[in-house]
Each structure stands twice: as structure tokens, then as C-alpha cells.
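Work through the exercises below with the model open beside you. Try each task before you read its solution.

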Amino acid sequence: MVALSFIQPVKKPAVFRENNVISKKLGGLSLAVAAVGLFYATAPALAQQKTITVWFGKGFYKSEDDALLEAIKKFEAKTGIKVELSQYAIQDMIPKTVAALDSGTVPDVAYSDSYDVQAQGKWAFEGKLEDLGDILTPMKSAFAPNTLETALLYNDVTKKKAYYGFPLKQQSMHVQIWQDMLEQAGFKQSDIPTKWEDYWSFWCDKVQPAIRKATGQRVYAVGQPMGVESTDSFQSFYTFMDAHNVKLVDDDGKLTVDDPKVRENLIKAMKDYTDTYTKTCSPPSSTTWKDPDNNVAFHNKTIVMTHNFTISIAAKWLDDANNPALTPEQRALGKKNYDETIITASFPNKPDGTPIKYRSDVKTGLMFTVAKNKAEGKEFIKFLLQEENVRPYIEGALGRWFPVTTASQQSPFWQADRHRKAVYNQFTGGTTPFDFTKNWKFTILNNENVWAKAMNRVVSEKVPVDKAVDELIARIKQVAG
């Protein structure tokens, strides 16, 4: 995923103020009465006018943000409630929200791509989030499977679960491949194996030497995210764990890591993930990659393929194709790359031969218990989640996000090209949630990125895989046990 360092300036709506001052120069009684009458007729309307503050993560594409702004405009016109919108880069949202919680000046509604992964479960546990069941339960039938359920979190203050957040969109793991580079190496898409071991051997042992010979350049076959500051690294590693049937928690959130079979399969997953690097099949810099870096390496064609937790890599070229600020040549290249040259694919089958059931990361918005305008904030959430409002917002992201509502998933948008069809097929094939939805303390482990730390113990510090995994298990037990 690409992180944007952007803060949109906020244009605050005008607020009309009226001073209750009657000039002493008004000599006529009728004029004075008229002035007083006008004030008292106007003042109640002004007193009733509400303004809510909304914080939203900045979108990747203009069309995404335009759709949000249009929904806000429609909401204001329908309800008379003004929306004071602030948009921030993803990396700024949690620090700003934590500061707002500390000061007690939280927004009425907040959304960030990072809330669910890093903070939502903890805030729910601590009793800091508002129960949104009164607006979400009546809408329950509109949500697709494994979407609304991820917001059903435990509150240790009330000692029960409730909907502490509203699902807005979701993402999952995809593979992006340069078809032209694959062909330069002498292979076709149909040559890519579907068996687990054969798949990784194909890229490292066949494609990499062939593309280097064909180009004379030090190209790497795979972009394997391993940076501690990269969410891509732990999201990708979860796919490797799923390939080896590793389940770290049960459905009640209790750890299973003391099971010898879990340890055995976790070692296999870690070995497979780090072998790509130790075989020099991924760039040396991939140990320090941040979220944008595998995208950049792919766009620069220093790697042939990478796995990414959205199709933002392909969508970047579609955005280029539609960008009037670019030259005709740049737009044409964007269109060609999106329509013809980039492949969106799935992972191979598991080592046991069965298909992988992918993790779905359902992104959620929140309302805090200390919010000042809860009723109006809930009206905004209900309005935003209506099909005619949420669908343009999701589709404005050019396929980077998949809908959480069944109706939006059936939109023709998802059958419009091969990239979106691949996303559609992957999601409708069935997904499973991340562990942090069952045990909120995994948000701490994700923040620490214990997964990438274990990888780096193996590849950078030359620690044996089994020892690195034992250290990983010990940390998981210490934090989430």
C-alpha cells in the first residue's frame, strides 16, 4: 500500500452570528418591535443548526475523495447538519486520534484505514467506543458475510460484545505480475505453476535467471515485503501462515501456539517466506521496505512480481490513464499497462493442494463515547452507508477496495475488467477475518510487527528459523495470552 503524506486544508463552513443589539437611535416603536421580532424568529433556527466534525483518511485517488465530498454535500442538503471535514494521511490518523482522546476533543465520526488493524479492538475493550448497534442491526441483512461481524468486539467495561465500529470497505491479498517481463524471460502466464513449492521455484529458479539474461540487468523475480515498518510484510506473512494451516487463535480468541502442530507449521511458513530472500530472489532492500516500496519497485520494473494487500499497483496505471494532467503518452502508457501488461492473480494452492482462503481486512469507522454530537453523527453514518452513497465512494478507489454490502458487490463495476474480476472472484470465493478481530491484543503484535522482526532475525541476523519462531511464539504468549 502506498502511504500519502498529505493533509487537506479544512474549509470550515460559515456560521452566521447575530448580535442582539438594538440601536438607541431607533426612535419608532414599530421599527423596534420589528427588529426584536426578527431576532426571536431567527435565533431558534440558528440555535438548532448543528455542525459535526468528521475525520477521514485521505484517499489514494481524486475520484475517491470526490465521491466522499459529494455524499457530504447531499447529507448537508437533506438534513441541514453541517459537516466540518478534515482529511489526513493514513500515518497521521492514529497519532491525531490518540491526542484527541487524551484531550477529550474527539471528532463526532472518524474513519482511518489503520483503525481496525492497530487500535479499534483496544479502544473497544477499554470502553472508549460508542455502540453503533442501534443503526447497524437494522441494516444487518445488507452486509456481506464476514464484514459486519468484524466490528462485533468485546468491551471489558460492559463485559459484553457490541458493534463498536461501522464496516465501510475491505481488502485482501493479490499477486501483481508484469506480463511483458514474464514473456521477456521466455514464459507465459499459463506456465506459472499452481502447486506451492513449484510456484516459488518457478520464480526464483527459472524466471529470475532468464530475465537477467534477457535484459542484462539485476532484476529480481519477487518483491517480498519484510520491513518492520510495513503492514504489507505481516499481511503477506499471514497468507503464508494460511497456506500452512496455521491458526494462532481459536474462535474465542484463545491462543493455540502451545500446540506442537501449530509450531511446526509456523516454522514451515517462516522458512518459505524467508527462503525467497536467502535465495537472493528478492531485493536486498526488501528487509527495510515500507508500504510504498514494493509498489515502487514494481513500477520501476526492478521486480517481476509482488504480492500486495490491494490492487493499488494496477490501479495506479488506471489512474494515470485517466489523469488529464499527464501527457498523452503517459496516459497511453497507463492504459496499456492496466489493460494489457499487468496481471492480477491469486496465490498458488496450499502445500496440501487445497485453495487458500484469504484473510479479509474489513476497514471500519468509529464513534467515541465522548463525542459531542452522537445523534447527528449516527445520522451521518447511516446516510454514508446507504447504497447510493457508499457505492460511488468504493468504486471511486478504482478497485483498490472491495464493498462490504452485497448489493455493491454485484455492481457491474466488478465485472468491467480482468483486475476487478480477479478481486471479485477472490472475495466471493470466501474469506476469513484476521486474528485481531478475535483477540484485540493482536493489534499490539501488529504494531510491533513481530512477524517482520522474526523474518529479520532469520535473514539479517542469521538466527535459525526454529529459534526465531520460538521467540515469536514467546512474544505472542507474552502479549496476547
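**Exercise 1. Classify D180 and K301 by exposure, then describe their contact.**

Solution. This is a predicted model, and every value here is computed from it. Start with D180. Its relative accessible area is 26%. Buried means under 20% and exposed means over 50%. D180 therefore counts as partly exposed. K301 has 29% relative accessibility, so K301 is partly exposed too.

Next, the contact. The two side chains, D180 and K301, form a salt bridge, 2.4 Å from N to O. Now place the partners. D180 sits in helix α7 (residues 179–184). K301 sits in the loop between α11 (293–299) and β10 (303–308). The pair thus ties together parts that are 121 residues apart in sequence. The general principle is that side chains of opposite charge can pair when their charged atoms come close.

**Exercise 2. Where do E340 and K336 lie, and how many residues apart are they?**

Solution. Both E340 and K336 belong to helix α13 (residues 328–341). They are four residues apart, which is about one turn of the helix. Check the atoms: the closest N and O of E340 and K336 are 3.2 Å apart, in a salt bridge. Then check exposure. E340 has a relative accessible area of 45% and is partly exposed. K336, at 42%, is also partly exposed.

**Exercise 3. Are R359 and D435 buried or exposed? Locate both and describe how they meet.**

Solution. Take the contact to begin with. The side chains of R359 and D435 meet in a salt bridge of 3.5 Å, N to O. This pair links distant parts of the chain, 76 residues apart. R359 is in strand β12 (residues 358–366). D435 is in the loop between β13 (431–433) and α18 (442–448). Both residues, R359 and D435, are buried.

Now widen the view. Salt bridges with shared partners join E130, D134, K374 and K378 into one network. The structure holds 32 salt bridges.

**Exercise 4. Lay out the four-stranded sheet. In which order do its strands run?**

Solution. Write down the order: β9-β10-β8-β11. The sheet is open and its pairing is mixed. Find the edges: β9 (220–223) and β11 (342–345) each pair on one side only. On average, neighbouring strands are turned by 15° against each other, direction ignored.

Zoom in on one pairing. β9 and β10 run parallel and are joined by three bridges. G223 stands opposite T306 in β10. Finally, add the helix. α17 (residues 418–428) packs on the sheet and touches β8 (174–178) and β11. The direction of α17 makes about 10° with that of β11.

**Exercise 5. Describe the packing of α9 against α10. At what angle do their axes cross?**

Solution. Two packed helices are described by the angle between their axes and the distance between the axes. The axes of α9 (residues 231–243) and α10 (residues 260–278) cross at roughly 125°. They come within 9 Å. That angle makes α9 oblique to α10. The crossing of α9 and α10 is right-handed.

List the residues that meet. From α9 come S233, S236, F237, F240 and M241. From α10 come L266, A269, M270, D272 and Y273.

**Exercise 6. Compare the backbone and exposure of N449 and K462.**

Solution. Recall the background: most residues other than glycine have a negative phi. N449 is not a glycine, yet its phi is positive, about 55°. K462 is not a glycine either, and its phi is positive at about 60°.

Next, locate them. N449 is in the loop between α18 and α19 (450–459). K462 is in the loop between α19 and α20 (465–480). Then read the exposure. N449 has a relative accessible area of 1% and is buried, whereas K462 has 65% and is exposed.

**Exercise 7. Which residues does A315 touch, leaving out those up to four places away in sequence?**

Solution. Place A315 in helix α12 (residues 312–321). Its relative accessible area is 0%, so A315 is buried. Leaving out those sequence neighbours, A315 touches Y61, Y338 and L398. For scale, take Y111: A315 and Y111 are 204 residues apart in sequence and 22 Å apart in space, C-alpha to C-alpha.

Notes:
Residues numbered from 1 in each chain as written. Predicted model: local features only at pLDDT ≥ 70, side-chain atom pairs only at ≥ 80, totals over all residues. Heavy atoms only, no water. Helix = DSSP H or I, 4+ residues; strand = E, 2+ residues; numbered from the N terminus. Buried < 20%, exposed > 50% of the residue type's maximum accessible area, 1.4 Å probe, protein only. Contact = heavy atoms within 4.5 Å. Salt bridge = Lys/Arg side-chain N within 4 Å of Asp/Glu carboxyl O. Pairing = 2+ DSSP bridges. Axes fitted to C-alpha atoms, helices over the stretch in contact; angles between N-to-C directions. Parallel < 35°, antiparallel > 145°, perpendicular 65-115°, else oblique. Left-handed = near helix turned anticlockwise from the far one by under 90°.
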